[in-house]
Amino acid sequence: MNGTMITKTTSVNRRRLRNLLNKSDNRICADCGAPDPKWASSNIGVFICLKCCGVHRSLGTHISKVLSVTLDEWSNEQIDAMSEVGGNSAANAIYEAYIPEGFSKPGPDAGIEERKRFIRSKYELQEFMKSSLRISTGKSSPSFKSIFSSKFMDSFRIKPTDDEDGMVEFIGLLKVTVVKGTNLAIRDMMTSDPYVVLTLGQQTIQTAVIPSNLNPVWDEDLMLSVPNNYGPLKLEVYDHDMFSADDIMGEAQIDIQPLISAAMAYGDPEMFGNMQIGKWLKSDDNALIEDSIINIIDGKVKQDVQLKLQNVECGELHLEVEWLPLDQ
């Protein structure tokens with residue numbers, strides 16, 4: 001009977017862990033952006049790839065307690081701690097709050113020394129955190145979990161960062177709904193397994209993989225913080241491969257300046273009825289299929305975007321973008 005209870009508990013934990021891993025921001029490594037991470041730091045609350053996992057282990061368990069998502073046993077407390085952090089994006093909002101200008105976050109193909117330098121700076125030295133949040137990392141120090149209470153995370157998400165020299169200050173959030181793709185390129189025998197990757201500044205986030213579908217419907221919401229010195233929102237579509245590198249299926253860029261300028265010009269959108277407040281014009285220099293209209297709809301500033309994917313033989317993508325000021 002006891003054996004049955006242990007199996008049941010393990011099964012529940014596996015399901016909870018799988019649900020966490022399936023969140024959009026947890027589908028890429030928190031430290032380098034590599035897809036499909038299969039490891040985690042249970043006390044920090046992030047999912048990481050195999051290469052970054054080795055660096056985390058080298059830091060010592062007093063800083064990062066590494067577990068395999070598929071091979072190790074997880075306790076209720078460990079999964080509760082991961083859930084409380086809220087995912088890779090929430091953790092990075094703390095640990096990468098103040099990445100200095102010119103300091104590059106490693107990519108999936110980065111070498112071991114570059115990974116070591118970044119991960120040690122991020123977690124052990126806490127160089128990118130707000131100074132008031134830094135905690136001792138000595139062997140007798142409290143758990144990293146202590147800085148990630150729900151109350152703390154909620155307050156962090158709605159407050160702008162302090163204006164520190166050379167640091168990143170966020171001015172708002174983008175809610176990007178990846179609606180669907182149309183006539184996407186074939187990258188397998190007769191079809192593709194597409195997913196969409198969005199990049200804004202140092203942040204990267206991706207949708208779920210839709211297997212064997214050239215006209216996928218995601219209807220998936222992705223959230224990105226908008227830095228003060230923002231550039232275009234970069235979009236890439238990939239075909240997921242199990243045994244080789246994922247193949248590119250096109251790319252595009254979205255100029256978010258018209259949306260943000262219109263939203264700031266009108267202030268509180270709840271004071272207005274439904275109306276058009278701006279437009280991003282189609283031109284030879286962008287990927288728009290048609291002019292992209294910016295509207296106030298039910299007290300929210302939204303933009304409908306239809307894109308023709310670039311540097312690929314075919315494919316279109318439909319997105320909806322919503323501006324969220326920090327006080328919302």
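**Local environments and strand pairing in the predicted model**

The backbone nitrogen of N88 lies 3.2 Å from a polar atom in the side chain of D25. The model in which this pair is found is a predicted one, and the values reported here are computed from it. D25 itself belongs to the loop that joins helix 1 (2-21) to strand 1 (39-41). Although D25 is buried, it takes part in no salt bridge. The nearest side chain of opposite charge is that of K23, at a distance of 4.5 Å, whereas a salt bridge requires the charged atoms to be within 4 Å. When neighbours within four places in sequence are left aside, the contacts of D25 are with G86, G87, N88, S89, A90 and I205.

Two of these contact residues, N88 and A90, are also among the buried residues of helix 4. Helix 4 spans residues 88-95, and six of its eight residues are buried, so the helix is largely enclosed by the rest of the structure. The buried residues are N88, A90, A91, N92, I94 and Y95.

The chain as a whole contains seven helices and 13 strands. Of its 328 residues, 47% are buried. Among contacts with a separation of 6 or more, 61% join residues that are 24 or more positions apart.

A clear pattern of burial is seen in strand 12, which covers residues 300-308. In a regular strand the side chains alternate between the two faces of the sheet. In strand 12, V301, Q303, V305 and L307 point to one face and are buried. The side chains of K300, K302, D304, Q306 and K308 point to the other face and are not buried.

Strand 12 has pairing partners in strand 11 and strand 13. With strand 11 (residues 292-297), the pairing is antiparallel and extends over four bridges; within it, I296 has V301 of strand 12 as its bridge partner. Strand 11 and strand 12 form a hairpin, with two residues between them. In the turn of this hairpin, D298 has a positive phi of about 50°. With strand 13 (residues 316-325), strand 12 also pairs in the antiparallel sense, here over eight bridges. In this pairing, the bridge partner of Q306 is H318 in strand 13.

V301 also appears in the surroundings of I277, a residue of strand 10 (residues 275-280). I277 has a relative accessibility of 12% and therefore counts as buried, the limit for this class being under 20%. Apart from neighbours within four places in sequence, I277 is in contact with A262, A263, Y266, I294, N295, I296 and V301. The C-alpha atoms of I277 and L259 are separated by 9.0 Å, and the two residues are 18 residues apart along the chain.

L259 is one of the buried residues of helix 7 (residues 257-266), together with P258, I260, A262 and A263. These buried residues pack against strand 4, strand 7, strand 10, strand 11, strand 12 and strand 13. Just after helix 7, G267 takes a positive phi of about 70°.

Positive phi values are also found in residues other than glycine. N183, in the loop between strand 4 (170-182) and strand 5 (194-200), has a phi of about 50°. With a relative accessibility of 48%, N183 counts as partly exposed. S212 likewise has a positive phi, near 50°, and is placed in the loop between strand 6 (203-206) and strand 7 (217-227). At 53% relative accessibility, S212 counts as exposed, because the limit for that class is over 50%.

Finally, the cysteines were examined for disulfides, of which the structure holds zero. The cysteine sulfur closest to that of C52 belongs to C29, and because the distance is 3.7 Å, the two are too far apart for a bond; a disulfide requires sulfur atoms within 2.5 Å. C53 is likewise in no disulfide, the nearest cysteine sulfur being that of C49, 8.3 Å away. Both cysteines are buried: C52 has a relative accessible area of 0%, and C53 has one of 3%.

Methods:
Residues are numbered from 1 along each chain as its sequence is written. This is a predicted model: local features need pLDDT of at least 70, side-chain atom pairs count only at pLDDT 80 or more; totals for chains, interfaces and linings use all residues. Side-chain values use heavy atoms; hydrogens and water are left out. Buried means under 20% relative accessible area, exposed over 50%, partly exposed in between (1.4 Å probe, protein chains only). Lys and Arg count as positive and Asp and Glu as negative; His and the chain ends are not counted. A polar contact is a pair of N or O atoms within 3.5 Å; within protein, one must be able to donate a hydrogen and the other to accept it, and residues adjacent in sequence count only if both atoms are side-chain atoms. Contact means heavy atoms within 4.5 Å. Two strands pair if DSSP finds at least two bridges between them.
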